[in-house]
Amino acid sequence: MIIKVAQSAGFCFGVQRAVEGVLAWAKANKGKSIKVYGMLIHNSYVIDKLKELGVEVVEDIEKICKEDIIFIRSHGVSKEEYVEIEKRADKVYDFTCPYVKKIHEIVMEHSENGYDIIVVGDMNHPEVKGIVGHVSNNRKCFVVDGIEKVKEAINQIEGKAAIVCQTTFDSKKWTSIKDFLESHTNYKVFDTICKATINRQKEAAELAQHVDIMLVVGDKKSSNTNKLYQLLKEIKPTFFIEKVEDLDSIKLDSSAKSIGVTAGASTSPEQIEEVVKHLEEKFNEMNLKDFERLIDRSFLTVQRGEVVKGRIIKVEEDYVLVDIGYKAEGIIYKDEVIKNGNVNLKDLFKIGETIEAVVIKESDEEGNVVLSKYRADVLHGFEELLSRYENKEPVRVVVKSIKEKSVVCDFRGTNVYVPISQWGEDVQTSDIGKIFEIEITDVNKEKKIAFGSRKSLLKQKEEERFIKQIESLDFSREYEGIVVEIKQKGIVVNFENLCGFVPASEVGYLKKGADLKKLFEIGEKVKVKILDIDKNKKQIYLSIKKTQDDEWAKRIKNLYLGMLVDCEVTKVLSFGLVVWITEHDVDGFVHISNIPLGYNQRPHNVYKVGDSLKAKVIEIDEEKRRVALSLKDLHEEENIDTEHNEDFVITLADFVKNIKLEQ
Ligand code: SF4
């Protein structure tokens, strides 16, 4: 059986503060009359312990005497009660939870300024009674626990109103009431629900998803423990026990392989530990890590100035939460991340990352340990920078400011200057606060500053990107590209975020010397295939030709030298005739030297456009895309293959023709 303990099981910050405070006082002041006004906590185990130390619970204010040392519990009391207790007792120690105190302040300030007050909560709960007891006498105060009661209160409020919520109220109910008030009124709504309770519930619900059985430990009179139980039993089979002995009376499913343990805010760590130990004995197996963590946390202490290591568990816009293995979490506010610099925390930190920080306050109002990252950075930052420099490793820096000649960056508390010329691209004021990777080019150990360059790194990255991209190119694939430049010797095409060159000979099946500027336009879409890649020159050669059908080649496929073809004159020139070879749909040219003309005759004396002729193929120039014809010696056609075979360029068409002749 695997036993997993929820990380925030047990005492919340407010309860822990009160219980530990009273226990410490009781131990140090044995024999004195120490009393807690009201039930300190709904936990008979803790109350019994306090009794052993002579601490009494006093419910009746009249019973408080001068020699008493009175402790006010985390729920707080009304203003009147507080004044009365102070009058009666010698010493009063107020352990009202700071979150509850905050509510007292809100209702006091607002009711004194003419606001009526709505308290969302259970009117019998001591915390709510204490809150109501801070409302100024001349203002109305309503305690509501549902929308209907809210509506009734609204009907009775004539002016402005402020709304607060019991810290441990049902969060779902509170959200619907809050939404209703915000959409139907102009009242000031203060979200005073305690996040400790919500987080505990969330975490327990998450744990329940990963185990077979859940166990809730706590007093059945505790409202937050009851709520926890109600929530969990909807997710997994859940048992609610008050003490370790109760374990024997519950029947755990024998097929269950894992059990999750959580506890309400009033359950002490010792109780949880006892239950876990018992389970361990019972099942002879335990998730030791969780157990050790539980014990470790209760003994750990932190001190101002101490350097602590922790794992980032939350990154918000203004702060970062760190698990430092202590009972409370560490918090780093934005201005403690980098000195004199703005930074986007979400860019800088990743959840799960381990960081070092210096404790600057053991506990803030919310019980968090306040940490400073930059103070820890300055302790080791320069050494790390030096080692990165020596090992030629890049560093991640944050831009602090932009000067005339350089970009001033921060690397863990050390200033790194990057000359503008080494930034690699235009420096923008919006770069301030952002994170960039640079390489360190020089370090001044005396002044503890460094110099860097981003340009070289960008270049290197660009090269890596290029290599990676070209490795993924497929020579057999057609890519779509855009013409970005037209040169004399070819065109430049952008494709797949790369730039390639199409030599003139590869732009298509064109006549040699064709004017590319007449054939292409900037921005024109073209299809290309990879012809060659020169990794050293970082040059990609492309071909448009390879994506096209060679129409001309298809048409002349069946032509062969010596073949007699029917033609039609399409142009009469002084030095020859342009003809259309009708059966093959291609142009041909008959040079004047191949036209039988009389003395002093020119082609136009004999021929005109539209004349039909028979001509003999005498040359097929594939490179120049030209078929040369002759009107002379037409009778030699049948013999030409055998008589002048050695003069011919043998083409596939010739070869086929030869076979035909042989047959
Ligand atoms: S307000 Fe939150 S932290 Fe304070 S006592 Fe209540 S539950 Fe605990």
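**Close-up views of a predicted model**

**Figure 1. Lys 392, an exposed residue with a positive phi.** Lys 392 is exposed, its relative accessible area being 74%. The model shown here and in the other figures is predicted. Lys 392 belongs to the loop that runs between helix 13 (373–390) and strand 18 (395–402). Its phi is positive, at about 55°, although Lys 392 is not a glycine. Most residues other than glycine have a negative phi. The exposure value places Lys 392 over the 50% cut-off for exposed residues.

**Figure 2. Lys 538, a second lysine with a positive phi.** Phi of Lys 538 is near 50°, again a positive value in a residue other than glycine. Lys 538 is found in the loop between strand 26 (525–534) and strand 27 (539–543). With a relative accessible area of 40%, Lys 538 is partly exposed, whereas Lys 392 in Figure 1 counts as exposed.

**Figure 3. The whole protein, for orientation of the close-ups.** The protein contains 19 helices and 32 strands. Its radius of gyration is 45 Å, well over the 26 Å given by the globule rule for 663 residues, so the protein is more spread out than a compact globule. Along the principal axes, the C-alpha atoms fill a box of roughly 150 × 65 × 65 Å. Of the 663 residues, 45% are buried. The structure holds 25 salt bridges, and some of these are shown in the figures that follow.

**Figure 4. A salt bridge within helix 3.** Arg 88 and Glu 84 form a salt bridge through their side chains, with an N to O distance of 2.7 Å. Both residues lie in helix 3 (residues 79–88); because they are 4 residues apart there, about one helical turn separates them. Arg 88 is partly exposed, at 23% relative accessibility. Glu 84 is also partly exposed, at 24%.

**Figure 5. A salt bridge between Lys 243 and Asp 246.** The closest N and O atoms of Lys 243 and Asp 246 are 3.4 Å apart in this salt bridge. The partners fall into separate burial classes: Lys 243 counts as partly exposed at 44% relative accessibility, while Asp 246 counts as buried at 18%. The value for Asp 246 is under the 20% cut-off for buried residues.

**Figure 6. A salt bridge between strands 13 and 14.** Asp 323 and Arg 311 are joined by a salt bridge whose closest N and O atoms lie 3.8 Å apart. Arg 311 is in strand 13 (residues 307–315) and Asp 323 in strand 14 (residues 319–323), so the pair ties together parts that are 12 residues apart in sequence. Asp 323 is buried, with 14% relative accessibility, and Arg 311 is partly exposed, with 37%.

**Figure 7. Val 320 of strand 14.** Strand 14 also holds Val 320. Val 320 is buried, at a relative accessible area of 0%. Its C-alpha atom is separated by 9.7 Å from that of Leu 371, a residue 51 positions away along the chain.

**Figure 8. A network of salt bridges.** Six residues are linked in this network: Lys 373, Asp 377, Glu 384, Arg 388, Glu 393 and Arg 412.

**Figure 9. A nonpolar surface patch that includes Val 378.** Val 307, Val 378 and Leu 379 make up a nonpolar patch of about 230 Å² on the surface. Val 378 is located in helix 13, the helix that precedes the loop of Lys 392. At 48% relative accessibility, Val 378 is partly exposed.

**Figure 10. A surface patch of negative charge.** The patch brings together Glu 105, Glu 109, Glu 112, Glu 365 and Glu 366. Glu 366 sits in the loop between strand 16 (354–361) and strand 17 (369–372). It is partly exposed, having a relative accessible area of 45%.

Key
Residues are numbered from 1 along each chain as its sequence is written. This is a predicted model: local features need pLDDT of at least 70, side-chain atom pairs count only at pLDDT 80 or more; totals for chains, interfaces and linings use all residues. Side-chain values use heavy atoms; hydrogens and water are left out. Patches are made of residues with over 30% relative accessible area and no salt bridge: like charges are joined within 9 Å, nonpolar side chains (Val, Leu, Ile, Met, Phe, Trp, Tyr) within 5 Å. Accessible areas come from the Shrake-Rupley method with a 1.4 Å probe; for residues, only the protein chains shown count as cover. A salt bridge is a side-chain nitrogen of Lys or Arg within 4 Å of a carboxyl oxygen of Asp or Glu. Lys and Arg count as positive and Asp and Glu as negative; His and the chain ends are not counted. The place of a charge is taken as NZ of Lys, CZ of Arg, CG of Asp or CD of Glu. Helices (H or I, at least four residues) and strands (E, at least two) are DSSP runs, numbered from the N terminus. Buried means under 20% relative accessible area, exposed over 50%, partly exposed in between (1.4 Å probe, protein chains only). The radius of gyration is taken over C-alpha atoms; the globule rule is 2.2 Å times the number of residues to the power 0.38.
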